[in-house]
Amino acid sequence: MQTESPVALVTGAGSGIGRAVSLKLLEAGYRLVLAGRRLEALQETVALAQVDEERTLCLSVDVGKPGPVSDMFAELLSLIHISEPTRP
């Protein structure tokens with residue numbers, strides 16, 4: 001993923017509201033992490049956006065389970081070079 005634009009994470013990005021939000025964020029220039037259970041649906045969202053795939057990362061994850069969510073965040077933090085999350 002590139003590093004110039006803001007990054008957003010959208011769960012359920014393969015359909016419905018999650019897909020709609022993803023498309024708007026990509027249109028606005030965000031780099032986007034798309035998360036959902038069906039990788040094919042996430043990839044379809046990216047294809048619909050018609051953006052450079054380097055601006056996106058699709059992760060197949062069931063956000064209803066804590067273990068996979070923790071793994072997803074660990075991967076994301078390493079990708080954007082943050083060692084620990086910043087707390088407000």
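Me: What makes up the secondary structure of the protein chain?

Reply: The protein chain of this predicted model comes to three helices and three strands. Here helices (H or I, at least four residues) and strands (E, at least two) are DSSP runs, numbered from the N terminus. Along the sequence they follow the pattern β-α-β-α-β-α. Residues are numbered from 1 along each chain as its sequence is written. Because the model is predicted, local features need pLDDT of at least 70 and side-chain atom pairs count only at pLDDT 80 or more, while totals for chains, interfaces and linings use all residues; side-chain values use heavy atoms, with hydrogens and water left out.

Me: Where is confidence lowest and where is it highest in the protein chain?

Reply: The pLDDT is the predictor's confidence in each residue, from 0 to 100. Its mean for the protein chain is 84, and 86% of the residues reach 70 or more. Helix α3 (residues 66-79) has the lowest confidence, at a mean of 80, whereas helix α1 (residues 16-27) has the highest, at 96.

Me: Why is S22 called buried, and T11 partly exposed?

Reply: Buried means under 20% relative accessible area, exposed over 50%, and partly exposed in between (1.4 Å probe, protein chains only). S22, in helix α1, has 0% relative accessibility and therefore counts as buried. T11, in strand β1 (residues 7-11), has 41% relative accessibility and so counts as partly exposed. For the protein chain of 88 residues, 31% count as buried.

Me: What is S22 in contact with, and what is T11 in contact with?

Reply: Contact means heavy atoms within 4.5 Å. Leaving aside neighbours within four places in sequence, S22 is in contact with V10, A13, L32, L34 and T45. On the same terms, T11 is in contact with G18, A35 and V63. The C-alpha atoms of T11 and R37 are separated by 9.2 Å, although these residues are 26 apart along the chain.

Me: How do you know that the span of α1 agrees with the value expected?

Reply: The expected span of a helix is 1.5 Å times one less than its number of residues. For the 12 residues of α1 this should come to 16 Å, and the end C-alpha atoms are 17 Å apart, which agrees. α3 has 14 residues and reaches 20 Å from its first C-alpha to its last, close to the 20 Å expected.

Me: What puts the buried residues of α1 on the same side?

Reply: The buried residues of α1 are G18, R19, S22, L25 and L26. They cover an arc of only 130 degrees around the axis, which puts them on the same side of α1; the arc is that of the directions from the helix axis to the C-beta atoms. An α-helix has 3.6 residues a turn, so residues three or four places apart point the same way. The face turned away from the buried side carries the exposed residues G16, I17, K24 and E27. The buried residues of α1 pack against β1, β2 (31-36), α2 (39-49) and β3 (56-60).

Me: How do you know that the buried residues of α2 lie on the same side?

Reply: In α2, A41, L42, T45 and V46 are buried. Their arc around the axis is only 145 degrees, which puts them on the same side of α2. On the other side, E40 and A47 are exposed. The cover over the buried residues of α2 includes α1, β2 and β3.

Me: Why are β1 and β2 called paired strands?

Reply: Two strands pair if DSSP finds at least two bridges between them. Five bridges join β1 to β2, so the criterion is met, and the two strands run parallel. One of the bridges links V7 to R31 in β2. Both faces of β2 are covered: R31, V33 and A35 are buried on one side, and L32, L34 and G36 on the other.

Me: What makes up the largest nonpolar core?

Reply: A nonpolar core is a set of buried Ala, Val, Leu, Ile, Met, Phe, Trp, Tyr and Cys residues joined through side-chain atoms within 4.5 Å. The largest has nine residues: A8, V10, A13, L25, L26, L32, L34, L42 and V46. At least two residues of this core come from each of β1, α1, β2 and α2. A second, separate core of seven residues includes V33, L57, L59 and V61.
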